[in-house]
Amino acid sequence: MSAKEMKQFTREEVAQHNTPDDLWIIIDCKVYDVTKFKNLHPGGSSVLLAEEIPGQDATEAFYGLHRHEVLEKPQYARLQIGTIAGETGQLLKPEPGSLSKVPYAEPTWLSDGYYSPYFKESHRRLQDAMRKFVDEVVYPDAIAREEDGKRPSVSVVKKMAELNLNVMRLGPGEHLKGLTLMGGIVTPEEFDYFHELILNQEFARTGFRGYQDGFNGGMVIGLPPVLHFARPEVRDRVMKEVLSGEKFISLAITEAFAGSDVAGLKTTAKKTEDGKFWIVNGTKKWITNGTFSDYFTVGCKTEKGLTAILVERCDGVETKGIKTSYSSTAGTAYITFDNVKVPIENTLGPVNGGVFVILSNFNHERWVMICASVRTQRNIIDECLKWVSQRKAFGKPLSSQAVIRAKIAEMIARVESTQSWLENITHQMNNMSYKQQAELLAGPIALLKMHATRTAQDTARDAVQIFGGRGVTKTGMGRVIEHYHRTVAFDALLGGAEDVLGDLGVRQAIKNMPKNARL
């Protein structure tokens, strides 16, 4: 029944339909006939027959138990038979592409009445376009893939390619020259790290952690070494294939024997006698996107050090999915290289100089992860503020309890401080050369990632306490909280474990201590 065909009723008329055989209810000024549905209600018919429900306004009771999206499902939407005459629904439901009105659900620079020294009009245009693209194109795919566990849809990756979003995820630089970015929203010359920050944070809003990594996360960390260190003919071919969505790539560094200890890698690469090929042998583990990758940026042990090599899927390359606590849509893989023959032209950077190639990639990878971590923490604040405002306990909203407000205060303080530190680091990146970033920002970025992921885990724990049993239930009101709490540890491990990164930051600080500093 269309909106035009909907009948209008008075509340008095609805109140007359209050028996098990004639049962109507009101939810946010909409009238629903649940007579036949009551016996199909997942919570049992007794919920709908409780004294205060039949023929009455059940809005408060409904939102104390259900998310609004329940009413939008076809099987429930068709139960609506009309609306209340002369009344308008009070539900604040953002339209696709719109900003949230919930306090602290958006960063300060997007909030009414606030200012920022970093973000310009081109940033706001890009954010607006990205919000609409994510809500209309990416989010529906994220929901579907989270349910079936399949890889993100190639069609979505190709839609990104049409707008040059894939190449924009690699950051500013010469690789953007001559391209039309997001339909002309921003020019290649003005595109900076704040524009890329916006891309990362808008993508992270989907909140589905496995999809977030599966959504070409391997490209973001596996393609830059090709861009910066591959021979021109290899670079141009692979960049074109991957950025168009025709092929996929992943970064294969971590091993069962060596995680953060890059120097301890055991996968080997030995040259053939004629010097034309590498023969690669070994294994890699926990490789994001590995199950569906066509290319692998591989760290290998060579005669006098480490060498980075681009390996194409071929005979001798075998990938197996690894079951983790988040969705298989991430394509997390165990990879075996068995006498894989790789052209010497696929060497990335100098032979035995792979440590520099690998480490130079870490800053950007960790920065991207920080962007996403901060954004998803805001998702949780949004969920918690809505919940404590609508949920009643002891006859009052949860927000009336000081202990609840204290938890949310900590959440807000954590996310706002982390966002501010992130924006400061991003500003430095905009004003430093690639070499300067490697020299000056490795420590600060490592410390910020440690801080971001620790605050994220604190927020996840507090959110579960606020939602109670719903916070550990995969469906219903607390599904966002449960998913976040279950998957937040990935951020604390990928790109370097927290303790290792903290130590890196302090070691860099000690290295730069002035020799004459004394108490």
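Here a biologist and a modeller talk through a predicted model.

Biologist: Let's start with helix α14. How do you know that α14 keeps close to the span expected of its residues?

Modeller: Helix α14 covers residues 354-390, which is 37 residues. From its first C-alpha to its last it reaches 55 Å, and the expectation at 1.5 Å a residue is 54 Å. The two values are close.

Biologist: Where is the kink in α14 centred, then?

Modeller: The kink is centred on Phe-362 and amounts to about 25°.

Biologist: What makes you call α14 largely enclosed?

Modeller: A residue is buried when its relative accessible area is under 20%. In α14, 31 of the 37 residues are buried, so the rest of the structure largely encloses this helix.

Biologist: Which residues touch the most other members of the largest nonpolar core?

Modeller: They are Met-168, Leu-223, Trp-367, Cys-384 and Ile-466, in a core of 96 residues. Helix α14 gives the largest share of this core, 14 residues.

Biologist: Which residues does Met-168 touch?

Modeller: Leaving aside residues up to four places away in sequence, Met-168 touches Leu-126, Leu-163, Leu-176, Leu-181, Met-182, Val-186, Phe-191, Glu-196 and Leu-199. Contact here means heavy atoms within 4.5 Å.

Biologist: And what lies apart from that core?

Modeller: Another core, of 17 residues, lies apart from it; among its members are Trp-278, Val-280, Ile-287 and Val-340.

Biologist: Val-280 and Val-340 interest me. How do you know that β8 and β12 are paired?

Modeller: Pairing asks for at least two bridges. Strand β8 (residues 277-287) and strand β12 (residues 333-343) are joined by eight, so they count as a pair, and they run antiparallel. Within that pair, Val-280 has Val-340 of β12 as its bridge partner. Strand β11 (residues 317-321) also pairs with β12, in the antiparallel sense and over five bridges. There, Glu-318 is bridged to Thr-336 of β12.

Biologist: Now the five-stranded sheet. Why are β1 and β2 called edge strands?

Modeller: The open sheet runs in the order β1-β5-β4-β3-β2, with mixed pairing. β1 (7-9) and β2 (18-19) each have a single partner strand, so one side of each has no neighbour in the sheet. The partnership of β1 with strand β5 (residues 80-84) is parallel and spans three bridges. Lys-7 stands opposite Gly-82 in β5.

Biologist: What does UniProt list for residues 6-85?

Modeller: The unreviewed UniProt entry lists that span as "domain: Cytochrome b5 heme-binding". In the model, residues 6-85 are 28% helix and 25% strand, and their end C-alpha atoms lie 11 Å apart.

Biologist: What makes you say that both faces of β6 are covered?

Modeller: In strand β6 (residues 249-252), Ile-249 and Leu-251 point to one side and Ser-250 and Ala-252 to the other, and all four residues are buried. Strand β6 also pairs with strand β9 (residues 295-302), in the parallel sense over four bridges. The bridge partner of Ile-249 in β9 is Tyr-295.

Biologist: Tyr-295 makes me think of Glu-312. Why is Glu-312 called partly exposed?

Modeller: Partly exposed lies between the cut-offs of 20% and 50%. Glu-312 has a relative accessible area of 30%, so it falls in that class. Glu-312 sits in strand β10 (residues 305-312). Beyond residues up to four places away in sequence, Glu-312 touches Arg-237, Lys-247, Asp-294, Tyr-295 and Val-317.

Biologist: Two more residues, please. Why does Asn-289 count as buried?

Modeller: Its relative accessibility is 0%, under the 20% cut-off, so Asn-289 counts as buried. Asn-289 lies in the loop between β8 and β9. Its phi is near 75°, a positive value in a residue other than glycine.

Biologist: And why is Tyr-104 called partly exposed?

Modeller: Tyr-104 has 40% relative accessibility, between 20% and 50%, so partly exposed is the right class. Tyr-104 is in the loop between β5 and α6. Phi of Tyr-104 is positive too, near 70°.

Biologist: Last one: what covers the buried residues of α18?

Modeller: The cover includes α4 (69-72), α6 (121-148), α10 (209-214), α14, α17 (442-467) and α19 (489-493). The buried residues of helix α18 (residues 479-487) include Arg-479, Glu-482 and His-483.

Note on methods
Residues are numbered from 1 along each chain as its sequence is written. This is a predicted model: local features need pLDDT of at least 70, side-chain atom pairs count only at pLDDT 80 or more; totals for chains, interfaces and linings use all residues. Side-chain values use heavy atoms; hydrogens and water are left out. Helices (H or I, at least four residues) and strands (E, at least two) are DSSP runs, numbered from the N terminus. The expected span of a helix is 1.5 Å times one less than its number of residues. The bend at a residue is the angle between axes fitted to the seven residues ending there and the seven starting there. Buried means under 20% relative accessible area, exposed over 50%, partly exposed in between (1.4 Å probe, protein chains only). UniProt positions are given in the numbering used here, feature names are shortened, and annotations may be inferred rather than shown by experiment. A nonpolar core is a set of buried Ala, Val, Leu, Ile, Met, Phe, Trp, Tyr and Cys residues joined through side-chain atoms within 4.5 Å.
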